[in-house]
Amino acid sequence: MSSHSPHGQSSLRTVQVLGGANAGSSAHVRSLAAGLVARGVRVTVCAPGEADDTYDFTGVGAEHVHVPRSSDPGSVAALRAACTDADLVHAHGLHASFRAVLALSGRRTPLIVTWHNRAHAEGARAHLLRLLERRVARAATVVLGTTSDLVDRARRTGARDARLAAVALPRSRRTEGTEEPEPPLSKLRAELGAMGRPLFMAVGALDGHRGHELLLDAARVWRDLDPVPLVVVAGEGPQRAELQRRIEDEELPVRLLGRRDDVSELLAAADLALLPGGGESRSVLAQEALHARVPLVAALTGGIRELVGDAAELVPPRDPQAFAAAVVRLLDDPERAEILRDLGTRQAADWPTEDETVAQVLSVYDELTQLQPMI
């Protein structure tokens, strides 16, 4: 396993470009950087400084260069300078990819783009996003999509080469609910106010694309159950005040927890994981839930079917009554819940590992730089 050329040239140098706003793609880049560095590849991560503070790219051996999320001339110039002498550039997400396209203008450096999610917008901004997608797809040497839908979208928007990406859930993000000792989980449930009642867990930014409004609609049904379940939501965002107002006005059994660094522990303590919207194409919550053997109820959006198969209760999107009913049925059917736990374990076993993810990326790098095989 080598990342050196056969003629003793210096090792491959890659630049990873990251916006830093998406937790899933940020964790992926850290995992990828660690695997590449371990295989002798020199890695520079261009991302906002706060992303390195959170994900510690330098801690796994990568160089970090602060590049703001904006696409103003100063940010593009900083990225262009960081990409000097790079053998290839790998950008993650639409906006980071667009900055990379601008920074590499006039250069022949291969550009790989990974689309982790589909960008959402309405009105004039939706038109702008379509233009950005087209520009990025046509400029990229290879587009990697984390779901088949994203690969198809890249092809429709003009990608010369679009492929399905192997993207693992980093080990640091996984939960192992069966190994968690009971006392800490009981303590956590007590702190949340969920002793003697079901605990439901949702995770996601409080914005218009995560389905939190649907979750509150469903909670109006669950407040009539005995005992009344508690729904906790980890995440922060622009809808917080609006959602909190509804919770208080309608006396809904929902708590907004804000940003949490113990999501894995919260999930391990939960009876059900809830995914009411399609904010992620390859949902981190869905993956963590199946790894932790926590039954999942999810709206059938994006790439969720491709990700979880039959290991979750999937309901029509934007249908709060169907979502609420699926949860109630699962509460009343512990045998079905246990079946989902076993199906989830088997489904998760088929997902790519971090080593397999790095191996796929290295094979693409090798192909584009015409080096000797590195895996």
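**Figure 1. A buried arginine, Arg189, in a salt bridge with Asp271.** In this predicted model, Arg189 counts as buried because its relative accessibility is 15%. Its side chain meets that of Asp271 in a salt bridge, at 3.1 Å from N to O. The pair links distant parts of the chain, 82 residues apart: Arg189 lies in helix 7 (residues 182–192), while Asp271 sits in the loop between helix 10 (263–269) and strand 11 (272–275). Asp271 is partly exposed, with a relative accessible area of 30%.

**Figure 2. The salt bridge of Arg260 and Asp262.** Here the closest N and O atoms are 2.8 Å apart. Take a look at each partner's cover: Asp262 counts as buried at 15% relative accessibility, whereas Arg260 is partly exposed at 31%.

**Figure 3. A salt bridge within helix 14, between Glu338 and Arg341.** The closest N and O atoms of Glu338 and Arg341 are 3.1 Å apart. Both residues belong to helix 14 (residues 334–349), and because they are three residues apart, about one helical turn separates them. Glu338 is partly exposed, with a relative accessible area of 34%, and Arg341 is partly exposed too, at 24%.

**Figure 4. A network of salt bridges.** Five side chains to find in this view are Glu213, Asp217, Arg220, Arg246 and Glu250, which are linked by salt bridges. The structure holds 17 salt bridges.

**Figure 5. A positive surface patch made of arginines.** Arg118, Arg130, Arg134, Arg138 and Arg156 form the patch. Helix 5 (residues 124–139) gives the largest share, three residues. Arg138 is found in helix 5 and counts as exposed, with 53% relative accessibility.

Methods. Residues are numbered from 1 along each chain as its sequence is written. This is a predicted model: local features need pLDDT of at least 70, side-chain atom pairs count only at pLDDT 80 or more; totals for chains, interfaces and linings use all residues. Side-chain values use heavy atoms; hydrogens and water are left out. Patches are made of residues with over 30% relative accessible area and no salt bridge: like charges are joined within 9 Å, nonpolar side chains (Val, Leu, Ile, Met, Phe, Trp, Tyr) within 5 Å. Accessible areas come from the Shrake-Rupley method with a 1.4 Å probe; for residues, only the protein chains shown count as cover. A salt bridge is a side-chain nitrogen of Lys or Arg within 4 Å of a carboxyl oxygen of Asp or Glu. Lys and Arg count as positive and Asp and Glu as negative; His and the chain ends are not counted. The place of a charge is taken as NZ of Lys, CZ of Arg, CG of Asp or CD of Glu. Helices (H or I, at least four residues) and strands (E, at least two) are DSSP runs, numbered from the N terminus. Buried means under 20% relative accessible area, exposed over 50%, partly exposed in between (1.4 Å probe, protein chains only).
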